[in-house]
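Trainee: Please take a close look at one part of this model with me, the nonpolar core. Then work outward from there in one go, with cut-offs as you use each term.

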Amino acid sequence: MVYKSLLLFGAPGSGKGTQGKILGKIPGFYHCACGDVFRSVDVNSAFGQEFLKYSSKGQLVPDDITIGLWAKQIESMQNLGRFKPESDYLVLDGIPRNVAQAKMLKSTLDVRHVFHLDCPDKAKVYERLKRRALKENRLDDINDEVIERRQKVYERESAPVLDYYGEKLITHVNSDQPPFRVLRDILNDVTAWTDHD
Ligand code: ADP
C-alpha cells in the first residue's frame, strides 16, 4: 500500500501538532503524529520504557523501532476504518525525522507536499514548549538542557530531510504567527496543488 502524504515538518515547538490536529478534522485528511503514537504505548511495556529512555534525554528513538511501531499503528487505523488510504491524505507530523527514516519509508509514502513550519523566534519556541510540558506532562520539555538538545538533534538529524525531498515539494510557512494564520497559509497552498486531484 502506498499512502499519499503531506508532511508537517519543523523543529520541536514549531506548531506541527497544532496544525496537524486541525487538518486531521477535515474530511479527507488523516493526521498521525509519531510522538503521540509513542506516548499512547503503556509506559510499563518494553517499548514504553525504551521510548522514555530516549525521549527524556531529547534523543530520537532508534529507526527500526520507530518505523515498526508507526507502521503497526497506521495499519490498525486502516483496519478500524479511521484512515482510508484510497481517499485520504495522510498528514504526518514527526516522521520521517531523519534521512534514514525517509529512505525506509520511500516505498510506503507518496509524499505530495512538505510544509516546513519555521519559527525563527527561539524565545517563543522555548516558551511554547515549557507551557506544553506543564500542561501535558511532557518530560522532554521540562528543562532547558533537554529542550536545547532537542533543537540540536533537529538541526543535525531532522533538517537534512528537507534537502532529501527537495525545494520543489516544500512550502516554507512562517509559524511565528497565530495558529489561524499559519493554517490559512497551509490551506492556501493545499488548494493550489490539490486542484487537479
Ligand atoms: P515535538 O512535537 O515537540 O517535536 P514529538 O511529540 O514529535 O515532539 O516527539 C517527542 C519525542 O518522541 C522525540 O523527542 C523523540 O524522542 C521521539 N520521536 C518522535 N518521533 C520520532 C521519530 N520519527 N523517530 C525517532 N524518535 C521520535
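Mentor: Let's fix the vocabulary: helices (H or I, at least four residues) and strands (E, at least two) are DSSP runs, numbered from the N terminus. The model is predicted, so local features need pLDDT of at least 70 and side-chain atom pairs count only at pLDDT 80 or more, while totals for chains, interfaces and linings use all residues. Residues are numbered from 1 along each chain as its sequence is written, and side-chain values use heavy atoms, with hydrogens and water left out.

Now the core. By nonpolar core I mean a set of buried Ala, Val, Leu, Ile, Met, Phe, Trp, Tyr and Cys residues joined through side-chain atoms within 4.5 Å. Buried is under 20% relative accessible area, exposed is over 50%, and partly exposed sits in between (1.4 Å probe, protein chains only). The largest core has 33 residues, and the members touching the most others are Cys 32, Trp 70, Leu 90, Leu 92, Leu 109 and Val 114. Two or more residues each come from β1 (3–9), β2 (29–33), α2 (34–39), α3 (46–55), α4 (63–79), β3 (89–93), β4 (109–118) and α8 (160–165). Of these, α4 gives the largest share, five residues.

For a feel of the packing, click on Leu 90. Contact here means heavy atoms within 4.5 Å. Skipping neighbours within four places in sequence, Leu 90 is in contact with Tyr 3, Lys 4, Ser 5, Leu 6, Tyr 30, Cys 32, Trp 70, Ile 74, Phe 83 and Leu 109. There is also a second, separate core of 14 residues, and Leu 6 turns up in that one, along with Val 91, Leu 183 and Trp 193 among others.

Cys 32 deserves a look too. At a relative accessible area of 4%, Cys 32 is buried, and Cys 119 is likewise buried at 2%. A disulfide is a pair of cysteine sulfur atoms within 2.5 Å, and the structure holds zero of them. For Cys 32, the nearest cysteine sulfur belongs to Cys 34, 6.8 Å away.

Next, strand β4, where you'll find His 116. His 116 has 10% relative accessibility, so it counts as buried. Beyond four places in sequence, His 116 touches Phe 9, Gly 10, Tyr 154, Leu 162, Ile 170, Thr 171, His 172 and Val 173. His 172 itself is in strand β5 (residues 170–174) and is partly exposed, with a relative accessible area of 45%. Outside its own sequence neighbourhood of four places, His 172 touches His 116 and Glu 167. The C-alpha atoms of His 172 and Gly 10 are 9.7 Å apart, although their positions lie 162 residues apart along the chain.

Just along from there, Leu 169 is in the loop between α8 and β5; its 22% relative accessibility makes it partly exposed. Leaving out residues up to four places away, Leu 169 touches Val 111, Arg 112, His 113 and Val 114. Leu 169 and His 113 are 56 residues apart along the chain, with C-alpha atoms separated by 5.0 Å.

Over at the loop between α2 and α3 you'll meet Val 41, which counts as partly exposed at 21% relative accessibility. Its contacts beyond four places in sequence are Phe 47, Gly 48 and Leu 69.

Those two helices also matter for the second largest pocket: α2 and α3 each supply at least two lining residues. On a 1 Å grid over the protein atoms alone, a cavity is a set of points where a 1.4 Å probe fits but cannot get out, and a pocket is an open set with protein on both sides within 12 Å along at least five of seven lines; lining residues have an atom within 4 Å of a point. The second largest pocket is lined by 13 residues, with Arg 39, Phe 51, Leu 52, Asn 137 and Leu 139 nearest its centre. The largest share of that lining, three residues, comes from α3.

One backbone detail to finish. Most peptide bonds are trans. Ile 95 and Pro 96, however, are joined by a cis one, with omega about -5°, and Pro 96 is in the loop between β3 and α5 (99–104).
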